[in-house]
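This report is an introduction for a reader who has not met this structure before. It goes from the overall layout to the core, the ligand shell and some local backbone features.

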Amino acid sequence: MCVCRTNGKKLELAKLNSCINLPYIIDGDTIVTQSNTCALYLGRSLKIDEDANFIHNHCVLDQTMDLRNDLMMIVYPVGVINGAVKTKEEFPAAAASHLEGPAKTHFTKLEGFCKGPYTCGDKIQSGVSLCLSILSVCPSIFFIHAYEHTY
Ligand SMILES: N[C@@H](CCC(=O)N[C@@H](CS)C(=O)NCC(=O)O)C(=O)O
């Protein structure tokens, strides 16, 4: 199984899966794309996800995707997305607004949705992996923002 984060094969892969984008997974003859679908596919094929948690875990994925989509509006460059930040100078204010607004709202929802140490209880399910990958970006935003205001 190959979990890919590089592009360059898009046209070739689109013949096999017309929804192709990053990330995608090649597992034998199976090509899976879209972050949430990839997470569910890995959760199932690696036997991490439990059926009893399916709906709860799916909601975690959806809530995390809402957070991700709001985050992309300030971190993706012009040309990739028509986001809120057009210049480097606009980033600190947009980051502050993101952290105090949408990020706070999404994390409050996710925090309230935790059934235990993890979102679905005491076992990690696939939704947590996506959540952690977004979490790894959010502190960076905070530190860049803090840096810009300190120096
Ligand atoms: N809804 C998609 C969004 C992913 C996305 O925006 N991927 C970007 C790179 S981070 C991409 O693939 N861009 C190139 C393309 O779509 O061909 C998902 O969750 O996988």
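The protein chain holds six helices and three strands. This is a predicted model. Read from the N terminus, the elements follow the order β-α-β-β-α-α-α-α-α. The chain has 151 residues, of which 21% count as buried. Among contacts between residues at least 6 apart in sequence, 52% join residues at least 24 apart.

**The hairpin**

Strand 2 and strand 3 (residues 30-33) are paired in the antiparallel sense, over four bridges. The hairpin they form has two residues between the strands, and Gly28 in this hairpin takes a positive phi near 65 degrees. Across the pair, Ile26 is opposite Ile31 of strand 3.

Is Ile31 buried or exposed? Ile31 is partly exposed, because 18 other C-beta atoms lie within 10 Å, and a residue needs 20 or more to count as buried. Setting aside residues up to four places away in sequence, Ile31 touches Leu13, Leu16, Asn17, Tyr24 and Ile26. Ile31 and Ile20 are eleven residues apart along the chain, and their C-alpha atoms are separated by 8.6 Å.

**Helix 3**

Helix 3 covers residues 54-75, which is 22 residues. From its first C-alpha to its last it reaches 31 Å, close to the 32 Å expected at 1.5 Å a residue. The buried residues in helix 3 are Asn57, Val60, Leu61, Gln63, Thr64, Leu67, Leu71 and Ile74. In general, an α-helix has 3.6 residues a turn, so residues three or four places apart point the same way. The buried residues of helix 3 pack against three other helices: helix 2 (35-45), helix 4 (91-113) and helix 5 (126-135).

**The nonpolar cores**

Which residues make up the largest nonpolar core? There are twelve: Tyr24, Val32, Cys38, Ala39, Leu40, Tyr41, Val60, Leu61, Leu110, Val128, Leu130 and Cys131. At least two residues of this core come from each of helix 2, helix 3 and helix 5. Helix 2 gives the largest share, four residues. A second, separate core has six residues, among them Leu67, Ile74, Val85 and Ala95. As a general tendency, nonpolar side chains in soluble globular proteins are buried together.

Leu61 is a member of the largest core and is one of the buried residues of helix 3. Apart from its neighbours within four places in sequence, Leu61 is in contact with Asn36, Ala39, Gly127 and Leu130.

**Around the ligand**

The residues around the ligand are Lys10, Asn21, Leu22, Gln34 and Ser35. By type, this shell divides into one nonpolar, three polar and one charged residue.

Leu22 is in the loop between helix 1 (10-14) and strand 2 (24-27). Leu22 counts as partly exposed because it has 13 C-beta neighbours inside 10 Å. Another residue of the shell, Ser35, is 13 residues from Leu22 along the chain, with 7.8 Å between the two C-alpha atoms.

The peptide bond that follows Leu22, leading to Pro23, is cis, with omega near 5 degrees. Pro23 belongs to the loop between helix 1 and strand 2.

**Positive phi outside glycine**

Gln34 and Lys47 are listed here by their phi angles.

| Residue | Phi |
|---|---|
| Gln34 | positive, about 75 degrees |
| Lys47 | positive, about 60 degrees |

Gln34 is not a glycine, and neither is Lys47. Gln34, which is also around the ligand, lies in the loop between strand 3 and helix 2. Lys47 sits in the loop between helix 2 and helix 3.

Why does Lys47 count as exposed? Lys47 has 7 C-beta neighbours inside 10 Å, and therefore counts as exposed, since the limit for that class is 12 or fewer. Gln34, with 17 C-beta neighbours inside 10 Å, counts as partly exposed.

Conventions:
Residues are numbered from 1 along each chain as its sequence is written. This is a predicted model: local features need pLDDT of at least 70, side-chain atom pairs count only at pLDDT 80 or more; totals for chains, interfaces and linings use all residues. The expected span of a helix is 1.5 Å times one less than its number of residues. Two residues are in contact if their C-beta atoms, placed from the backbone, lie within 7 Å. A residue is near a molecule or strand if its C-beta atom, placed from the backbone, lies within 6 Å of it. Ala, Val, Leu, Ile, Met, Phe, Trp, Tyr, Cys and Pro count as nonpolar, Asp, Glu, Lys and Arg as charged, and the others, Gly among them, as polar. A nonpolar core is a set of buried Ala, Val, Leu, Ile, Met, Phe, Trp, Tyr and Cys residues joined through C-beta atoms within 7 Å. Two strands pair if DSSP finds at least two bridges between them.
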